[in-house]
Structures are given as C-alpha cells and as structure tokens.
Amino acid sequence: QVQLVESGGGLVQAGGSLRLSCAASGRTFSSYAMGWFRQAPGKEREFVATISWSGGITYYADSVKGRFTITRDNAKNTVYLQMNSLKPEDTAVYYCTQRTFRTPSAILYEYTYWGQGTQVTVSS
C-alpha cells in the first residue's frame, strides 16, 4: 500500500520561504513521477509542480514559476517543494501525489496516490 506523508507546512510572512517534504513508501519510488497540488478554501485543487521519475524534467504552474522548485531524492524516497517569495495567495493545503507513470503531468486525474496534505499559511 502506497503512503505519502507531507511535512514542512506552517505559518510564514509574505516574502518568506518554506520547504515541504513528502516521504513515500509502499512501492518503488524512483520509478514514478511525483507532483504537488494545492487547494485553497472554497477553490478547486490546482496543479503546482511535477517532476519526472529521474528528476530530469519538471513543470510548474505559471503562478509559482521562478519562486518554487520541485526536487526529489530517490535514495530517500522523498520529494521536496522549496517555496520562496511566498505570497498570501499561496495559502492553501498542499498535497503530494504520485503517478503510475514515469512522465510528469499537470493533470489532477492522472495521479493515483495522494497524501493527507499540509497547511501553508502566508500572512500579509
């Protein structure tokens, strides 16, 4: 059974930084693409970033491009999301997710496994 456990969320002032981590277990982590999505209150879950199985390909939502960086450490079965220059509109629950394919995707329904989420709150 696949488990994805996020950590690193919290409260930060606008302009600050946070690094989210997602520890995976239950299947061969290094074989599959990973992603981060987020959901703000009253809004639909939206794509943030994705990374291929090897880490060689990454895609970002336009709203976070240049501020967020997704990376992975296959030896540690962990994917990260470094978030810099945070804005109040980045406030949301952030979810780690895993595909059953090697290639990255920005499409929510192309992901199979989801973590419980971690809250990120950015104050102005």
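**From threonine 78 to the paired strands**

In this predicted model, the side chain of threonine 78 comes within reach of the backbone oxygen of lysine 76, at 2.8 Å. Threonine 78 belongs to strand 8, which covers residues 78-83. Its relative accessibility is 9%, and buried means under 20%, so threonine 78 counts as buried. Which residues is threonine 78 in contact with, leaving aside its neighbours within four places in sequence? They are Ser21, Cys22, Ala23, Phe29, Arg72 and Asp73.

One of these contacts, Cys22, leads to the next feature. Cysteine 22 is joined to cysteine 96 by a disulfide, with an S to S distance of 2.1 Å. The count of disulfides comes to one. Cysteine 22 lies in strand 3 (residues 18-25) and cysteine 96 lies in strand 9, so the link ties together parts that are 74 residues apart in sequence. The angle about the S-S bond is -75°, and the link between cysteine 22 and cysteine 96 is left-handed. Are these two cysteines buried or exposed? Both cysteine 22 and cysteine 96 are buried.

Strand 9, which holds cysteine 96, runs over residues 92-98. With which strand does strand 9 pair in the antiparallel sense over three bridges? The partner is strand 11. Within this pairing, tyrosine 94 has threonine 118 of strand 11 as its bridge partner. Tyrosine 94 can also be set beside phenylalanine 37: the two are 57 residues apart in sequence, and their C-alpha atoms are 5.8 Å apart in space. Phenylalanine 37 sits in strand 4, residues 34-39. Its relative accessible area is 1%; with the limit for buried set at under 20%, phenylalanine 37 is therefore buried.

Strand 11 has another pairing as well. Strand 2 (residues 10-13) pairs with strand 11 in the parallel sense, over four bridges. Here leucine 11 stands opposite threonine 121 of strand 11. Strand 11 is thus paired with strand 9 in the antiparallel sense and with strand 2 in the parallel sense.

The side chains of strand 11 remain to be described. How do they behave along residues 118-123? They alternate between two faces. Thr118, Val120 and Val122 point to one face and are buried. Gln119, Thr121 and Ser123 point to the other face and are not buried. Threonine 118, the bridge partner of tyrosine 94, is on the buried face, whereas threonine 121, opposite leucine 11, points to the other.

Terms used. Residues are numbered from 1 along each chain as its sequence is written. This is a predicted model: local features need pLDDT of at least 70, side-chain atom pairs count only at pLDDT 80 or more; totals for chains, interfaces and linings use all residues. Side-chain values use heavy atoms; hydrogens and water are left out. Buried means under 20% relative accessible area, exposed over 50%, partly exposed in between (1.4 Å probe, protein chains only). A polar contact is a pair of N or O atoms within 3.5 Å; within protein, one must be able to donate a hydrogen and the other to accept it, and residues adjacent in sequence count only if both atoms are side-chain atoms. Contact means heavy atoms within 4.5 Å. Two strands pair if DSSP finds at least two bridges between them. A disulfide is a pair of cysteine sulfur atoms within 2.5 Å.
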